Amino acid sequence: MVKIGKREISKDFFIFIIISILLGVVSAVESTSLANRLYEDLDFTVMQRSMLETPRELPGLLSVVIIGMLNGLGDIRIAAVANIIGGVGLLCFGMTPNVFSLVLLFLVFYSTGQHLYIPLSHTIGMSFAKGGSFGERLGQVQSITSISVIATSGVLFVLYKFFNASYAVVFTMAGVAMIGAGALFFMIGKNSKKIVSEKRFVFRKEFKMYYVLSVINGARKQITITFVPWLLIDIYDRPVTYITAMFFIVCILNVFFKPWYGRLIDRRGESYALQFEAVIMFLACIGFAFAKVTLPFYVALAAASVCYIGDKLMEQASGMARATLAKKISNQEAEVARTLTMGQSMDHAVSMCIPLLAGAAWYAGGANGYMYVFIGALVISMVNFIIARKLKVHQPEKA
């Protein structure tokens, strides 16, 4: 046991907290700097940015196969390998010259590690929950990650603003942090390393609603990851320091928002939590699509920025609801990661197509082509709301 103040926590959970802090560094660098490097160093157009997403997201599609092949290692060791692979990719991405083929290669390396770890991060986090408070535990862990992201974002802002730091330095820092996180997984206790699923792949008809939500998320997340930052960079002409400052605000709010959202899942159920996410997405897309053509520039920028904050808050929070859903409907604890991985592969079958379609719509629409992308996202959010309403897993507790 490790004593923190008046509380004692297990050594394994303490190590997992340190890992989450290190991965907060990675998250901050990717969210604030990746799109800007592609835009500034490589002069990417929106179509080129869209086309990059297909190979970058391919590891997500193949994650169910790769994790199945690594099944015998157990969830903890797979998480270690995943983060080391991803860290090496980021490290090389930071040091590589501005050559498209090399940039793509190392981004795929990073993406492979990242996508292998995403489903495992939820299952490992929930394994430390007491009772059935899975959402609360995930919220607490992600809140700690958000604190790390806040600190990193602040450091990045200073580095960019006052020291004119290069993207090479910043991404090298993130790569080292991710490799360090992978190494720490080898220090987690022997009991945790025995989380090994009897089946390499899990696909059951009982999970159909989870699979549908995963597919919808595949379309939804690409709007957030790919086109929302590009909107601020290209349409509103915002520099990297602006994106960093916005992300900094999001992370401050996440310290309080994610634990609240985790408790909301436990108290009101996954259906309610996912409907809430769909409503926020709908309102944000209205702002993204129509603010610039209906409002004065700086009012529109403020509206788009508020929408960015709301959309970013829900980006990872909604993943918590899907993770607790998979936890509740899985027959065995060891199968949860395989269920989440299957859902991730299904959502990537969609997310690999969406950037090409949305990017083509943006490009073909000219100066206001971005509107078509976010009008499409409005439709996605409505479908998400309808499906979430049909979900019946957890009955709300009475206040």
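**Rings, core and charge pairs in a predicted helical model**

Phe13, Phe16, Tyr117, Phe128 and Phe185 are joined into a cluster by ring pairs; rings of Phe, Tyr and Trp (its six-membered ring) pair if their centres lie within 6.5 Å, and planes under 30 degrees apart count as stacked, over 60 as edge-to-face and the rest as tilted. The model is predicted, so local features need pLDDT of at least 70 and side-chain atom pairs count only at pLDDT 80 or more, while totals for chains, interfaces and linings use all residues. Residues are numbered from 1 along each chain as its sequence is written, and side-chain values use heavy atoms, with hydrogens and water left out.

The whole structure holds 17 aromatic pairs. In one of them, tryptophan 260 and phenylalanine 276 have ring centres 5.8 Å apart and planes at 65°, so the pair is edge-to-face. The pair links distant parts of the chain, 16 residues apart, with tryptophan 260 in helix 8 and phenylalanine 276 in helix 9 (residues 270–294). Helices here are DSSP runs (H or I, at least four residues), numbered from the N terminus. Tryptophan 260 is partly exposed at 33% relative accessibility, and phenylalanine 276 is partly exposed at 26%; buried means under 20% relative accessible area, exposed over 50%, and partly exposed in between (1.4 Å probe, protein chains only).

Phe185 of the ring cluster also appears in the largest nonpolar core, which has 121 residues and in which Phe185, Tyr261, Tyr308 and Phe374 have the most contacts. Helix 10 (residues 297–329) gives the largest share of this core, 14 residues. Such a core is a set of buried Ala, Val, Leu, Ile, Met, Phe, Trp, Tyr and Cys residues joined through side-chain atoms within 4.5 Å. Beyond its neighbours within four places in sequence, tyrosine 261 is in contact (heavy atoms within 4.5 Å) with residues including Phe276, Glu277, Met314 and Ala317.

Glutamate 277 leads on to the charged pairs: its side chain meets that of arginine 220 in a salt bridge (2.6 Å, N to O). Glutamate 277 lies in helix 9 and arginine 220 in helix 7, so the pair ties together parts that are 57 residues apart in sequence. Glutamate 277 is buried at 1% relative accessibility, and arginine 220 is buried at 3%. There are 8 salt bridges by the rule used, which asks for a side-chain nitrogen of Lys or Arg within 4 Å of a carboxyl oxygen of Asp or Glu.

Another salt bridge joins aspartate 75 and arginine 338, with the closest N and O atoms 3.2 Å apart. Aspartate 75 is in helix 3 (residues 75–95) and arginine 338 in helix 11, so this pair ties together parts 263 residues apart in sequence. Aspartate 75 is buried, with a relative accessible area of 2%, and arginine 338 is buried, with 1%. Helix 11 (residues 336–351) has 13 of its 16 residues buried, so it is largely enclosed by the rest of the structure.

Helix 10 carries a salt bridge between glutamate 315 and lysine 312, 3 residues apart, about one turn of the helix.

Two loop residues have a positive phi although neither is a glycine: asparagine 164, at about 50°, and aspartate 237, at about 55°. Asparagine 164 lies between helix 5 (134–162) and helix 6 (167–185), and aspartate 237 between helix 7 (208–235) and helix 8 (240–268). Asparagine 164 is exposed at 68%, and aspartate 237 is exposed at 57%.

Terms used
Helices (H or I, at least four residues) and strands (E, at least two) are DSSP runs, numbered from the N terminus.
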